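Me: I have a structure to go through with you. I want the reasoning behind each label, not just the label.

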Amino acid sequence: MTQAYFDKAEAQDPLFRQSGLMAKLRKQLAHARANSAYWQEALEGIDPETIQSRDDLAKLPILRKSDLVTLQAERDLFGGIATDKAAIKRVFFSPGPIVEPQANIEDPWRMASALYAAGMRQGDLIANCFSYHLTPAGFMFDEAAAKLGATVFPAGVGNTETLVDAFNHFQISGYVGTPDFLQIILEKAKGLGKDIKSVKHALVSGGPLFPAMREFYQGENIDVRQCYGTAELGLIAYETEGEGLVIAEDCLVEIVRPGTGDPVNEGEVGEVVVSIFNPTYPLIRFATGDLSATLPGQSDCGRTNGRLKGWLGRADQTTKVRGMFVHPQQIARVVKAYPQVGRARLEVTEQEGKDQMTLLCEIENVAPGLLDDIAQTMRAETRLRADIQVVSPNALPNDGKVIEDKRVLGV
């Protein structure tokens with residue numbers, strides 16, 4: 001009988017999972033503080049044993065993906081984060097530039113469970129159409145397929161006519177790559193009179209899987225699933241037959257208000273922050289810059305971990321106003337100073353060639369002088385003047401936006 005899940009932990013009791021994640025986090029904190037130059041400084045004064053629940057996570061600093069560029073320029077190739085350079089198997093060079101290390105462990109990006117959920121099994125012949133050069137995507141799925149017991153054809157990108165022949169020659173049963181590239185290969189095959197009928201399962205990432213594209217694959221009798229991850233963290237969540245993306249095992253995912261480390265309410269859009277337990281390159285509260293939101297309840301597939309709605313945009317909404325950069329962190333600090341304010345959004349507009357800022361604040365009862373106080377705090381924080389406008393609670397869209405630039409740029 002075929003097992004339902006790649007790892008039985010995918011169906012474990014949620015409270016047991018949560019307890020295990022917090023225990024792993026405390027162990028990782030102690031390990032990182034003792035063996036990583038960066039974390040020794042960042043975690044100074046923090047006792048790992050005080051991190052007992054999700055409510056305690058806000059005590060820990062946020063490490064932003066954008067910080068890696070500066071850290072790697074000022075310290076070493078790995079920003080002082082790596083604990084054991086001898087345990088690094090490969091290095092990659094992604095745009096930024098950002099160096100990403102591969103630890104010398106089995107399936108270091110933890111992608112095997114996503115392959116399994118997409119229907120791929122031991123003995124399958126999988127075409128890996130991610131690049132094996134410079135960036136880690138090709139190796140991320142190559143290592144996962146090896147753990148699954150599948151055979152990989154390292155197809156890479158491009159050379160579609162050659163790939164048509166290879167897919168038919170090998171009778172490829174599974175595909176991993178970007179959502180659109182498999183469609184390109186299949187359409188090229190039809191144009192050449194060499195239809196590909198062997199592919200039954202596909203796992204896609206690195207771009208949106210549009211409804212029309214999903215319908216195309218259904219018409220080709222290909223079951224396609226998507227997954228979400230990053231080069232640094234590996235797998236974060238993956239699609240099953242249920243709604244949304246199931247959060248991967250062995251990583252701790254938070255959704256926080258952009259520009260802060262503060263958790264949002266369930267279902268509210270915010271920035272994806274992840275902690276993983278790779279001992280070689282410990283990433284703790286790593287802010288991806290991506291927006292998402294949680295879904296209530298559990299997936300119909302039987303996996304018990306939480307779920308994400310999927311990728312909902314970017315959290316970095318920094319914009320330039322009157323020659324000054326305004327950051328989401330600044331808006332968050334202003335709002336945090338006033339408990340009366342719920343959500344807030346800075347709208348940037350243009351009138352007669354001049355930039356205008358309006359801070360929309362959800363406030364139920366406006367006390368005398370409150371709006372003037374907020375305006376003064378905004379000016380002190382940003383060195384720019386902003387109008388303050390009150391809106392009713394829950395009036396602002398739940399889209400994670402803190403700054404919305406409404407100016408019409410260009411001609």
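What follows is a run of short questions and replies on this predicted model.

Me: How many disulfides does a search of the whole structure find?
Reply: Zero.

Me: Why is Cys227 not in a disulfide with Cys251?
Reply: The two sulfurs would have to lie within 2.5 Å. The sulfur of Cys227 is 12 Å from that of Cys251, the closest cysteine sulfur, so the gap is too far for a bond.

Me: What rules out a disulfide for Cys301?
Reply: Distance again. The nearest cysteine sulfur belongs to Cys227 and is 15 Å away, against a cut-off of 2.5 Å.

Me: Why are Cys227 and Cys301 called buried?
Reply: Buried means under 20% relative accessible area. Cys227 has 7% and Cys301 has 9%, so both count as buried.

Me: What makes Tyr38 and Trp39 an edge-to-face pair?
Reply: Two values. Their ring centres are 4.8 Å apart, and pairing needs centres within 6.5 Å. Their planes meet at 75°, and over 60 degrees counts as edge-to-face. The pair is therefore edge-to-face.

Me: How do you know whether Tyr38 and Trp39 are buried or exposed?
Reply: By relative accessible area, with under 20% as the limit for buried. Tyr38 has 11%, so Tyr38 is buried. Trp39 is at 0%, so Trp39 is buried too.

Me: Why is the pair of Phe92 and Phe139 called tilted?
Reply: The ring centres are 5.8 Å apart, within the 6.5 Å limit. The planes are at 50°. That is neither under 30 degrees, for stacked, nor over 60, for edge-to-face. So the pair is tilted.

Me: What makes this a link between distant parts of the chain?
Reply: Phe92 sits in strand 2, residues 88-94, and Phe139 in helix 5, residues 137-148. They are 47 residues apart. Phe92 is buried at 5% relative accessibility, and Phe139 is buried at 17%.

Me: Which residues form an aromatic cluster with Phe92 and Phe139?
Reply: Trp109 and Tyr132 join them in one cluster. Across the whole structure, the search finds eight aromatic pairs.

Me: How do you know that Arg121 lies over the face of Tyr116?
Reply: CZ of Arg must be within 6 Å of the ring centre and within 35 degrees of the ring normal. Arg121 is at 3.5 Å from the ring centre and is placed over the face.

Me: How many cavities of 30 Å³ or more are there?
Reply: One. Its volume is about 210 Å³.

Me: What lines the largest cavity?
Reply: It has 20 lining residues; the closest to its centre are Arg257, Arg343, Ala344, Lys401 and Val402. Helix 9 (328-336) and strand 18 (341-351) each supply at least two. By class, eleven are nonpolar, three polar and six charged.

Me: What makes a space a pocket rather than a cavity?
Reply: In a cavity, a 1.4 Å probe fits but cannot get out; a pocket is open. The largest pocket here holds about 830 Å³.

Me: Which residues lie nearest the centre of the largest pocket?
Reply: Ser205, Gly206, Gly207, Cys227 and Tyr228, out of 33 lining residues. Helix 5, strand 8 (223-230) and strand 13 (286-292) each give two or more residues. Strand 8 has the largest share, with five. The lining counts 16 nonpolar, eleven polar and six charged residues.

Key
Residues numbered from 1 in each chain as written. Predicted model: local features only at pLDDT ≥ 70, side-chain atom pairs only at ≥ 80, totals over all residues. Heavy atoms only, no water. Buried < 20%, exposed > 50% of the residue type's maximum accessible area, 1.4 Å probe, protein only. 1 Å grid on protein atoms, 1.4 Å probe; cavity = no way out; pocket = protein on both sides within 12 Å on 5 of 7 lines; lining within 4 Å. Points joined across faces, edges and corners; volume = space filled by probe spheres on them. Helix = DSSP H or I, 4+ residues; strand = E, 2+ residues; numbered from the N terminus. Nonpolar A, V, L, I, M, F, W, Y, C, P; charged D, E, K, R; others polar. Phe/Tyr/Trp six-rings, centres within 6.5 Å; stacked < 30°, edge-to-face > 60°.
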